[in-house]
Number of protein chains: 2
Amino acid sequence: MDIENEVLGRVSPSPARRKRVEKAAKTLLAHVLEAINDTGLPLEATLQGSVAKDTYTSTPDIDVFVLFPESTSRKDLETVGLGIGKSVLGGEERYAEHPYVHGIYSGYEVDLVPCFRISSPVGLKSAVDRTPFHTTYIKSHLAERQKADVRLLKQFMKGIGAYGAEAKVQGFSGYLVELLVLRYGDFRSVLAAAGSWKKGEVLDLEGGGERFDTPLVFYDPVDSSRNVASAVSMDSMACFQHAAKAYLDSPSIRFFFPRAPKTWPLPKIKKEMDKRGTGLLVVSLKRPKLIDDDLFPQMKKTAEGLQAALEAGEFSVVATSTHPMEGRVDLVFELMAEELPRVMKHVGPPVWIGHAVGFLEKWSGKAVVGPYIENGRWVALVERKYRRAPELVRGEATKAALGSSFRDLAGMEVRDTAGSLKADMKRTLSRHLDRTLPWER
Amino acid sequence: MDIENEVLGRVSPSPARRKRVEKAAKTLLAHVLEAINDTGLPLEATLQGSVAKDTYTSTPDIDVFVLFPESTSRKDLETVGLGIGKSVLGGEERYAEHPYVHGIYSGYEVDLVPCFRISSPVGLKSAVDRTPFHTTYIKSHLAERQKADVRLLKQFMKGIGAYGAEAKVQGFSGYLVELLVLRYGDFRSVLAAAGSWKKGEVLDLEGGGERFDTPLVFYDPVDSSRNVASAVSMDSMACFQHAAKAYLDSPSIRFFFPRAPKTWPLPKIKKEMDKRGTGLLVVSLKRPKLIDDDLFPQMKKTAEGLQAALEAGEFSVVATSTHPMEGRVDLVFELMAEELPRVMKHVGPPVWIGHAVGFLEKWSGKAVVGPYIENGRWVALVERKYRRAPELVRGEATKAALGSSFRDLAGMEVRDTAGSLKADMKRTLSRHLDRTLPWER
């Protein structure tokens, strides 16, 4: 296919680029081995990741793992491992599940990761110990011609916004993409198969293990107790399935390289809002200093907490979206109505229940209407605490279930876009309002 | 208690009134016996109802039952029975479950009912056959002093609007009131006991039979397979329970003789509506020519059908009420919002389901926003068919589940009171808006 050839032309490394990457990896490895020699310990250094597997699509990160004997203490592994990393890269220490050193070498981003050399991934001491087994598995199973299919599928996932297992995306990891190509044979066969995946689809190459309750399950061929697709969210899975069908129906380079989302001018935003007739509420919070893998789940939790508070106050939320910005995070709530009537219906206990008296005592004389009896229960129309959504958010945010790093509400700004649209909301509002699929932009 | 004595003074027959009633009943019975003689058949005539039991509270109806041998054919019973009724009363034939003649005799309303003389109510051929057994049971069990308690409880039930098993009230029949006094001993003991009734409370005097799933169960002492309280609705039961507690806490003549509900002047109605901020929709339909026992259930069904249509169109209904008027029936729907935004959220099938394609094809290019994916499902914001409630009722009423006699919508008027209040709506709107309990008016 011309389109796929064009994509490969853009994402496969040229001989010159490949040579540069290989050279950098080789000299880096040599440097690491020197540093290992200096320790006098029986360590190994191995190349991992997409460079080792030759499945990268752009300038790759280089991953080097330093393997320690299984008898090493965790503390020694960290001290020695990070020492080697710093002596080679002079970079910064990072922690995922596990400490490692990140730095730049010959212009490439490099991760230098200490891990245990284990005999089987089933007995692993730390999640990174499994990586060398993944690399070995892919290198020994992926045919040369399938590397192009992996590159196409990775770029396809990137284009539709479903590439990466990190919290920001909740999509398909590189390893999962490689396994899908192994499972179905080539790029187009993966797309064709995805069209008929069901919710909770279960895939494997070497057999499966325990049940997982995730939208997609792919048993790790090197450790059947692990689900490689555990990060894939319902939306990433659905987006991929739909994109796969849409692409096979009508292929386009835009699936791989979509146009950037547009930020609309204010008049267009205004027009779009008028067209819908809904109300938009923008809550801006101070952006906490967190890595993305912590920021995104907390941002989502915060939006869900505020949405629950709005719904408890009878504001009907049509759609919610979250937008990390420079120094702040914008949460958008699209509402069916921005203002509610003065009363709300308060359904109390059945009349025959002992504590019904409490309801009567509380509301008699205080309710706008009632208490009266409806279907055997006490009902009162009582004065609503908040008639407008911004008032509710200002009054209830401290009591809502927010992400722990979002509890400092000092800088909270709540804007109701009914009246005034401000220029600094353009990007956020455009992202919220524009639901065009990436490849249709 | 002074209050109860005052009530008894108003509802117990004076010696003169009692004499008049007894005389009328006696001469009526004599007349019926003459007519029976003319037939040459072995029939009996007996006095039934509240006159027989001496438990009436105002000018009573006189009920005379003509008993036929069990061997009589149903057809003969009707022909002969109605013949006797007409010869004595010249009245009109009526049908409940059973044909009878209604007329006026000496200024009293009279029902003359033919029935079978059965040996036990368990073998009854028709529901009215049980009545003589009820009369006998009450006459033989109710002490003379308890007649005052029955009169008090009947008048209490009338005052709070819970007296009568008919569809219009769905409350406590006279026989049930008598049984309650027998069960608990006197008026105040019934009220005290009602305060701790639970939903589905089960009562009896002579043991119970099968289970019934009604708010209140009272096994008929003459036929344990029957629930005397089967007509009592959740609201009648709850109203009685609350009124009983309220009366015992703070007795007042108003429980027995409430003030009539007021019809408010238009400015007061307007003020009340402004106070709530809700919207009122009044649907007026031609009143079908039906007896109350058919009219009320159908009116309720019609209101429920239209409420369901409004809710399907996302109008949130706070309260509904029905008002039979001269020549028309008014149905009132109190709404949280009278106007909704242009779009509504249409949640479609999960992306991985085969027919999801149908949703996409239907809405692509036609939806105001989307289709887009949310939680794995296709979602579209689509143009709402009806933004205002009156439009919805006009457009959907023919498709709604209405009472069968309300399907002729030719004369339907739908009024949205947001703008204009008309004088002919005063009574209906006052009844809807005024939720004051009868005894607090």
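**Strand pairing and helix packing in chain B**

Colleague: Which residue in S11(B) is the bridge partner of B:Ser321?

Modeller: The bridge partner there is B:Val332. This is a predicted model, in which local features need pLDDT of at least 70 and side-chain atom pairs pLDDT 80 or more, while totals for chains, interfaces and linings use all residues. Residues are numbered from 1 along each chain as written, chains are lettered from A and ligands numbered from 1 in written order, and side-chain values use heavy atoms, without hydrogens and water.

Colleague: What makes S10(B) and S11(B) a pair?

Modeller: Pairing takes at least two DSSP bridges, and strands are DSSP runs of E, at least two residues long (helices: H or I, at least four). S10(B) and S11(B), residues 328–335, share 7 bridges in the antiparallel sense. They belong to an open antiparallel sheet of chain B, ordered S10-S11-S9-S15.

Colleague: Why do S10 and S15 of chain B stand at the edges?

Modeller: S10 (317–324) and S15 (413–416) each have a single partner strand, so one side of each lacks a neighbour in the sheet.

Colleague: Why are H2(B) and H4(B) called oblique?

Modeller: H2(B), residues 15–39, and H4(B), residues 74–89, pack at about 130°, with axes 10 Å apart. Angles under 35 degrees count as roughly parallel, over 145 as roughly antiparallel, 65 to 115 as roughly perpendicular, and the rest as oblique. H2(B) and H4(B) are therefore oblique.

Colleague: Which residues of H2(B) meet H4(B)?

Modeller: Among them are B:Leu28, B:His31 and B:Val32, where contact means heavy atoms within 4.5 Å.

Key
Axes are lines fitted to C-alpha atoms, for helices over the stretch in contact, and angles run from 0 to 180 degrees between N-to-C directions.
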